[in-house]
Amino acid sequence: MRVTQSMLTNNMLSNMSKSYEQMGKYQEQLSTGKKISRPSDDPVVAMKGMNYRSQLTEIEQFQRNIGEVHNWMNNSDAALDKTTKALQRLRELAVQASNDTYETGQRENIAEEVKQLKAHLKDLANTKVNNKYIFNGTNTSEPPVTVNVGDGSLSKNFNQEFVNMEVSAGTKLNVNVDGNKVFGKDLFANVDQFIDNLSSGEGLEESIAAIDRNINDVVNTRADLGARMNRVELVEDRLSSQEVMANRILSDNEDAELEKVITKLKTQESVHRAALSVGARIIQPTLMDFLR
Amino acid sequence: MGSTFNGLEVAKRAMYAQQSALYTTGHNISNANTPGYSRQRVNFEQTAPYPPASRNRPEIPGQVGSGVEAGTIERVRESFLDAQYRGENTKAGYWSTKAEALQKMEEIMNEPSENGLSKTMDQFWQSLQDLSTNPKDEGARSVVRQRGTAVAETFNYLSDSLQGIQTDFKNQIDITAKDISSIAKQIKDINDQIGDVEPHGYLPNDLYDKRDQLVDELSELVDIKVSTVETSDSSLEIAEGKYTIEIIGASEPLVDGKNNSYRELDVVYASDGADGEDADGPVTKLAMIDPKSKDDAVTSSLSGASLDALGSGKLKGLMESYGYKAEGAEQGIYPDMLTELDKLAAGFADSFNSIHKSGLSLNEMNGVEDEDYDGNFFTKSAETEGYAGSMAVASGIKNDLFNIAAEADGNDPTLGGGENAIKLGEASDSIVIDGKTTSFNSYYEGMIGEMAVESQEARRLEGNSETLKQSVEERRQSVSGVSLDEEMSNIIKYQHAYNAAARNLTTIDEMLDKIINGMGRVGR
């Protein structure tokens, strides 16, 4: 084949531009840290990347939801703990009062404390976290127990809907405690009865038994809550390992391996230098340089 | 015997011939860097010998040669390589246009990234999850509204940007059609000039070069077929004649060498307006207009489905990007993506709205009447076409956060219930597009994936056709390119021949001197 100077020049130029293109690609990979910069660089990587990103967002969101779940459960547990303590104090007082050596005056003093405890229990039933009544089902904006203005008696209206939160795709967890089970049925009636019994001095044994039943209710409810808290921890563990995995897959999928890219860049650089120096040698001399 | 001065004539002719070869060499060197130039060569021919074979020829032994003359000056070129080059050039034009169109689309879609549609949807979903855990919280509601607006605006942005680029393509189509018409006219003009020169027995090499260069340019724009028409019987055997150029798929030639005419190309768009003035629709046909009559109704055209018949080239690439009508339906890279976006937006908005409608808003539970509110979260998609561009958060939601329906309509709905928010979060998992239930993510990933594969293919074929084009160009250069080394050697060759001819002249001169001045002096 007949080869002319301009063919060599053109060839060299096109080779140089290809070489620059390669180096540009490596430079882009190094500066972005990504293997690809647009979907067409590798459609599969791009589609997977979109998918993994959504997964990661989902995991992060479920973790955020679990924070909220913890908020509900821990606060419910703490409130129930206080309820137990209050009930235990009531039982103590009942046992004390049932002692025949106690006189009417002393029992009235006890009744005063019981009234305070009743108010405390009412407050516990109306526990508010984050501006939400946590023992009133989904009706979080209204207190379940209200004091009637006239006679100071209590009215109860417990919403028994589950408060559900999604903790992983499709898995909804019931995060609240049914206030009715603890405070609803007969707790306040029992306390009122106890106060009555204190003034009469009769039936204190029954009150002890009644309070025991209430304590039992709380313990059962807490056991159920505890089991659910346990499950949340399991889900939480799974989410955090999923998060690590999703991040790794995302990174494996689209992050550039620096050592690989740098090595390739270095290789390309030396090829480029060689091309330059060869070009410099070939382009220069023509027959004109040797004829006179 | 020949005449006395025959030798002088022979030497003179040789000097002339070598001189013309030297001039041609000079011309070659001068044009070493002229694009489209093919090197020229002088075809030396022996002149007729003496005596010619005839009845009253002198009785001398054998025929004596009478020297040389510059017969023709011909360009060194291989038309087979031209055809090959143009074939590759037209493909390169087509694929590079498509690759560019798809690359722009990829830039707009911007996936995978932290700010594409996919991410916006993820964030919207997040806000709904947050709402489900805090349904009464106005902050959570306001975030849902904002993220919903972001989803609508992202659709708007994608749709608007794609349409913007699409409009650019329309301008490019018009410019390309003008280019084609202008090149056709120039080729026709050169045809005319060639027609004036060739019958005189000349080879207008520089006109040939110029014309071939124009044809090369044209081949990038449309797929063409070139054939030649002889200008006259008196033209040389190796004269190239006039070019007739046909666009592949067209029923009429673009340049007609036989009738000395050309056609202008006019792109006809479907019009939306009844008056036919609003011609923003897809390309419906390419009309070939006679520049004299200016009447495209008279001339035939590429119409309807036969746009597909257009072989390749930049114009086809542009039309495929912009959109054209084939068999009654609009096709094209940009229209397709816009349609997909519309379907996706409408499918999502519809399923989201219906879930939203089934829920209860705070206002509904509080018994507050809001005439502005019809239960929709996003504006309704009465018509899918153009929905992505017009999608917005419904005014009821825009004006009042309490219209967001977070609670499901169930047994004991309460203000703090967030069951419907969870359902809304699941809305994108099952949306209906073209009667099929699919998920937003997988449909969208499919769209992006298809675009990516198409773009990858276009880029690869762009590279391939570019490489092939270059290698043909190299072979063409190998035949037609000027080599300075070669020209220098030729200069030496011709110079030596010229010198030798001059020496020959001197020799004859001395010989004659002997005859004229040195002979016939016997006895003096």
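This section describes the fold of chain B and selected local features of chains A and B in a predicted model.

Chain B contains 13 helices and 15 strands. Its radius of gyration is 39 Å, well over the 24 Å given by the globule rule for 524 residues, so chain B is more spread out than a compact globule. The C-alpha trace of chain B extends over about 155 × 50 × 30 Å along its principal axes. Of the 524 residues in this chain, 48% count as buried. When contacts in chain B between residues at least 6 apart in sequence are considered, 69% join residues at least 24 apart. The exposed area of chain B is about 24,600 Å², of which carbon and sulfur atoms supply 47%. Chain B carries 49 positive and 88 negative charges, and the mean positions of the two sets are 12 Å apart.

Two annotated spans were examined. In an unreviewed entry, UniProt lists residues 8-37 of chain B as "domain: Flagellar basal body rod protein N-terminal". In the model this span is 77% helix and 0% strand, with its end C-alpha atoms 37 Å apart. For chain A, UniProt lists residues 5-140 as "domain: Flagellin N-terminal", likewise in an unreviewed entry. Helix accounts for 78% of residues 5-140 of chain A and strand for 3%, and the end C-alpha atoms of the span lie 86 Å apart.

Two buried residues of chain B illustrate its internal packing. Ser465(B) belongs to helix 12, which covers residues 440-480 of chain B. Its relative accessibility is 4%, under the 20% limit, and Ser465(B) therefore counts as buried. Apart from residues up to four places away in sequence, Ser465(B) touches Glu88(B), Lys91(B), Ala92(B) and Trp95(B). These contacts connect helix 12 with helix 2, which spans residues 79-109. Val432(B) is 33 residues from Ser465(B) along the chain, and the C-alpha atoms of the two are separated by 41 Å.

Asn403(B), in contrast to the helical Ser465(B), is placed in the loop between helix 10 (395-399) and strand 13 (407-408) of chain B. Despite this loop position, Asn403(B) has a relative accessibility of 0% and counts as buried. With residues up to four places away in sequence left out, Asn403(B) touches His356(B), Ser361(B), Asn363(B), Asp370(B), Tyr373(B), Gly396(B) and Ile397(B). Gly396(B) and Ile397(B) fall within helix 10, the element that precedes the loop.

The backbone was also examined for less common geometry. Most peptide bonds are trans, and most residues other than glycine have a negative phi. In chain B, the peptide bond from Tyr50(B) to Pro51(B) is cis, with omega near -5 degrees. Pro51(B) is located in the loop that runs between strand 1 (40-46) and strand 2 (68-75) of chain B. A cis peptide bond also links Glu111(B) to Pro112(B), with omega near -15 degrees. Pro112(B) sits in the loop between helix 2 (79-109) and helix 3 (117-133) of chain B.

In chain A, Asn130(A) has a positive phi, near 55 degrees, although this residue is not glycine. Asn130(A) is in the loop between strand 1 (128-129) and strand 2 (132-133) of chain A. Asn131(A), also not a glycine, has a positive phi of about 65 degrees. Asn131(A) lies in the loop between strand 1 and strand 2 of chain A, and is exposed, with a relative accessible area of 61%.

Methods. Residues are numbered from 1 along each chain as its sequence is written. Chains are lettered from A and ligands numbered from 1 in the order in which they are written. This is a predicted model: local features need pLDDT of at least 70, side-chain atom pairs count only at pLDDT 80 or more; totals for chains, interfaces and linings use all residues. Side-chain values use heavy atoms; hydrogens and water are left out. Helices (H or I, at least four residues) and strands (E, at least two) are DSSP runs, numbered from the N terminus. The radius of gyration is taken over C-alpha atoms; the globule rule is 2.2 Å times the number of residues to the power 0.38. Buried means under 20% relative accessible area, exposed over 50%, partly exposed in between (1.4 Å probe, protein chains only). Contact means heavy atoms within 4.5 Å. Accessible areas come from the Shrake-Rupley method with a 1.4 Å probe; for residues, only the protein chains shown count as cover. Lys and Arg count as positive and Asp and Glu as negative; His and the chain ends are not counted. The place of a charge is taken as NZ of Lys, CZ of Arg, CG of Asp or CD of Glu. UniProt positions are given in the numbering used here, feature names are shortened, and annotations may be inferred rather than shown by experiment.
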